[in-house]
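Me: Please go through the structure shown below in a series of questions and answers.

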Amino acid sequence: MWGMLFVAVLAVGIGGPAVAAPRLAATEQQLLDAHNRERAKVGVAPLRWDPGLAASAASYGPRLASLGRLVHSPRSTRPGQRENLAMDISGRATPSALVQMWIDEKRFLRAGTFPHVSATGRWEDVAHYTQMVWRGTTHVGCAIHDDGRWNYLICRYSPPGNQDGRPVY
């Protein structure tokens with residue numbers, strides 16, 4: 001089930017009317033819905049699925065598998081994007097459960113401007129969550145890479161959130 005990377009293609013007519021985007025695969029829809037449910041709870045507009053971001057995310061999955069741990073890709077390789085990463089034992093967690101790991105960071109969130117938004121004093125303890133609900137972010141694309149031992153969830157966001165000196169929402 002997880003052996004595939006889930007990437008959709010958006011068909012848009014250049015110079016003519018837009019062609020309706022194809023339906024998202026079930027996993028893509030689950031990931032988008034998990035993000036947008038949380039955004040709705042804090043009064044932020046829903047994200048739109050971006051197949052380019054999903055393809056960018058998918059391209060990083062093999063690298064994570066070769067490392068066997070979570071390491072963010074260099075920002076220079078993903079200009080205009082932010083990245084959330086998660087991993088779990090292959091076949092154990094649903095896509096929504098992987099996103100829930102980021103949502104669980106909300107318990108440490110405190111009002112303020114980034115990066116001073118964590119009750120622990122460490123912005124890293126809330127950064128996945130704050131990126132998910134960042135008001136200025138409008139698009140997301142994700143991929144799950146399964147190496148047989150681990151599932152790696154990679155989500156890419158644009159425009160990037162977690163901007164110093166700005167409120168989260």
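Me: Which pattern of helices and strands does the protein chain follow along the sequence?
Reply: The model is predicted, so local features need pLDDT of at least 70 and side-chain atom pairs count only at pLDDT 80 or more, whereas totals for chains, interfaces and linings use all residues. Residues are numbered from 1 along each chain as its sequence is written, and side-chain values use heavy atoms, with hydrogens and water left out. Helices (H or I, at least four residues) and strands (E, at least two) are DSSP runs numbered from the N terminus, and the protein chain comes to 4 helices and 4 strands. Read along the sequence, their pattern is α-β-α-β-α-α-β-β.

Me: What percentage of the residues in the protein chain is buried?
Reply: Buried means under 20% relative accessible area, exposed means over 50%, and partly exposed lies in between, with a 1.4 Å probe and protein chains only. Of the 169 residues in the protein chain, the buried ones make up 44%.

Me: What share of the exposed area do carbon and sulfur atoms supply?
Reply: Accessible areas come from the Shrake-Rupley method with a 1.4 Å probe. The protein chain exposes about 8,600 Å². The part of this area supplied by carbon and sulfur atoms is 57%.

Me: Among contacts between residues at least 6 apart in sequence, what percentage joins residues at least 24 apart?
Reply: Contact means heavy atoms within 4.5 Å. Among contacts in the protein chain between residues at least 6 apart in sequence, the portion joining residues at least 24 apart is 66%.

Me: Are the helices α1 and α3 roughly parallel or roughly antiparallel?
Reply: Axes are lines fitted to C-alpha atoms over the stretch in contact, and angles run from 0 to 180 degrees between N-to-C directions. The axes of α1 (residues 26-41) and α3 (residues 95-103) come within 9 Å and cross at roughly 30°. Angles under 35 degrees count as roughly parallel, over 145 as roughly antiparallel, 65 to 115 as roughly perpendicular and the rest as oblique. The two helices are therefore roughly parallel.

Me: How many nonpolar, polar and charged residues form the contact of α1 with α3?
Reply: On the α1 side the contact is made by T27, Q30, L31, A34, H35, R37 and E38, and on the α3 side by P95, S96, V99, W102 and I103. Ala, Val, Leu, Ile, Met, Phe, Trp, Tyr, Cys and Pro count as nonpolar, Asp, Glu, Lys and Arg as charged, and the others, Gly among them, as polar. The residues of this contact divide into 6 nonpolar, 4 polar and 2 charged.

Me: Which residues does L31 contact, leaving aside its neighbours within four places in sequence?
Reply: L31 lies in helix α1 and is buried, with a relative accessible area of 2%. The C-alpha atoms of L31 and C142 are separated by 7.5 Å, although these residues are 111 apart along the chain. With neighbours within four places in sequence left aside, the contacts of L31 are W49, P95, V99, C142 and L153.

Me: What is the C-alpha distance between A57 and I154?
Reply: A57 is placed in helix α2 (residues 51-67) and is buried, its relative accessible area being 0%. Leaving aside neighbours within four places in sequence, A57 is in contact with G141, C142, A143, I154 and R156. A57 and I154 are 97 residues apart in sequence, and their C-alpha distance is 5.4 Å.

Me: What is the omega of the cis peptide bond that joins S158 and P159?
Reply: S158 belongs to strand β4 and counts as partly exposed at 22% relative accessibility. Not counting residues up to four places away in sequence, S158 touches L53, G80, T137, T138 and H139. P159 is in the segment after β4 (150-158). The omega of the cis bond joining S158 and P159 is about -20°.

Me: Which residues does the cis peptide bond with an omega of about 10° join?
Reply: The proline of this bond, P115, lies in the loop between α3 and α4 (127-133). With omega about 10°, the bond joins F114 and P115.

Me: What is the phi of N162?
Reply: N162 lies in the segment after β4 and is buried, with a relative accessible area of 13%. Although N162 is not a glycine, its phi is positive, at about 55°.
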